[in-house]
Amino acid sequence: MRKYGLAADQVIDARIVDVKGRILDRKSTGEDLFWAIRSGGGASFGVITAWKTLRSDVQGRNKTIRAKFNSIFLGKIDLLLPLMQKSFPVLRLGREGCREMSWIESVLFLATFPIDAPKMLLNRTQPAGKYFKAKSDYVKKPISESGLKGIWGRMFEAEADQFLIILTPYGGRMSEIMASATPFPHRAGNFYKIQHLVYWNESEDQDSESYTSWMRRLYSFLTPYVSRSPRQAYLNYRDLDIGVNNSNGMTSYKRASVWGKKYFLQNFDRLVRVKTMVDPHNFFNNEQSIPPLHS
């Protein structure tokens, strides 16, 4: 991401079925709709059937908390090791901590799938057995030591037995792309994105409210340390806590702005205009779909 930007930044064409049942590509959709579907939540505008991209390869306190630095380096081990020894010697990375593989194998590896079974990526069925609650944040200045200690302390609470916090670094190419280039606005000025995840087993589902409440308390604790006005969020870590549309499908711009501005900032207004143009009766709708203006 720091080298190339988002996958959406590489899309040069798409195939979409619109509200009239027409199969459109970039030329026939027009640039406004093509802009909107690239990170604006394509399901608000139609059914995306294909993307064409610029690059095709591209209890108690008696527990241990592990920090895992999981990264992709686009190059060989012999090039990586000197760079790591110079820039991050404290990690003490050696050859035994590296694996060379193709990019598609890295997708499988990071998803904890066997890297020799790429056909697993065709399975669209959600594995059974676990539930989770997730939230997201953007960090624009270093979190203080007291803030980090606050997170650390909460990791020892009972509900955090299967808690995971993922810090995704920004900068690089992400800071060079304009915030209005696609609907995704979180570009320059962001140090990193946080994904907070708490899991629980299927056998514990009767306690799901306990886990979701724990996550919301952590989210509240982090308020002083993350983005504000609005507190930003990442669309693909869908979080209904930050606001939802009316269940009858008729949602005002004002109501949708509560969650929409957190995902898209000022790009939300353009998304609403595109929605009004291509799906004025709001056929394509969900709890956090872009509403047309008149609704």
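Colleague: Why is the meeting of the E145 and K149 side chains called a salt bridge?

Modeller: The term asks for a side-chain nitrogen of Lys or Arg within 4 Å of a carboxyl oxygen of Asp or Glu. For E145 and K149 the N to O distance is 3.4 Å, so the pair meets the definition. Please keep in mind that this is a predicted model, where local features need pLDDT of at least 70 and side-chain atom pairs count only at pLDDT 80 or more, while totals for chains, interfaces and linings use all residues. Residues are numbered from 1 along each chain as its sequence is written, and side-chain values use heavy atoms, with hydrogens and water left out.

Colleague: What makes the separation of E145 and K149 about one helical turn?

Modeller: They are four residues apart in helix α5 (residues 145-154), and that is why about one turn separates them. Helices here are DSSP runs of H or I with at least four residues, strands are E runs of at least two, and both are numbered from the N terminus. Both partners are exposed, a word kept for over 50% relative accessible area, with buried meaning under 20% and partly exposed in between (1.4 Å probe, protein chains only).

Colleague: How many salt bridges does the structure hold, and what makes K133 and D239 one of them?

Modeller: There are 17. The side chains of K133 and D239 are 3.2 Å apart, N to O, which satisfies the distance rule for a salt bridge. The pair joins distant parts of the chain: K133 belongs to strand β4 and D239 to the loop between α7 and α8 (253-264), 106 residues apart.

Colleague: How do you know that K133 is buried, and that D239 is too?

Modeller: K133 has a relative accessible area of 13%, and D239 is at 2%. Set those against the cut-off for buried, and both residues fall on the buried side.

Colleague: Then what makes D241 and R216 partly exposed?

Modeller: D241 is at 33% relative accessibility and R216 at 35%, so each lands between the cut-offs for buried and exposed. Their side chains also form a salt bridge, at 3.0 Å from N to O. D241 sits in the loop between α7 and α8 and R216 in helix α7, so this pair ties together parts 25 residues apart in sequence. Both residues belong to a network of salt bridges that also links K133, K135, E209 and D239.

Colleague: Why are β4 and β5 said to stand at the edges of their sheet?

Modeller: The open sheet has three strands in the order β4-β6-β5, with antiparallel pairing. β4 (130-139) and β5 (163-169) each have a single partner strand, so one side of each has no neighbour in the sheet. From one strand to the next, the twist averages 20°.

Colleague: How do you know that β6 pairs with β4 and with β5?

Modeller: Two strands pair if DSSP finds at least two bridges between them. Ten bridges join β4 to β6, and seven join β5 to β6 (residues 192-201), so both pairings pass the test. On the β4 side, D137 has I194 as its bridge partner. On the β5 side, F163 stands opposite V198 and I165 opposite H196.

Colleague: What makes β6 mostly covered?

Modeller: Eight of its ten residues are buried. Helix α7 (residues 208-221) lies across β4, β5 and β6, running at about 160° to β6.

Colleague: Which residues is Q232 in contact with, and why is Q232 called buried?

Modeller: Contact means heavy atoms within 4.5 Å. Leaving aside neighbours within four places in sequence, the partners of Q232 include S136, D137, Y138, H186 and L265. Q232 lies in the loop between α7 and α8, and its relative accessible area is 6%, so Q232 counts as buried.

Colleague: One last point: how do you know that F69 is exposed?

Modeller: Its relative accessible area is 62%, which puts F69 past the cut-off for exposed. F69 is in the loop between β3 (47-53) and α3 (77-87). With F88, V90 and L91, F69 makes a nonpolar surface patch of about 440 Å². Such a patch takes residues with over 30% relative accessible area and no salt bridge, joining nonpolar side chains (Val, Leu, Ile, Met, Phe, Trp, Tyr) within 5 Å, whereas like charges are joined within 9 Å.

Methods
Axes fitted to C-alpha atoms, helices over the stretch in contact; angles between N-to-C directions. Areas by Shrake-Rupley, 256 points an atom, 1.4 Å probe, with all protein chains shown as cover.
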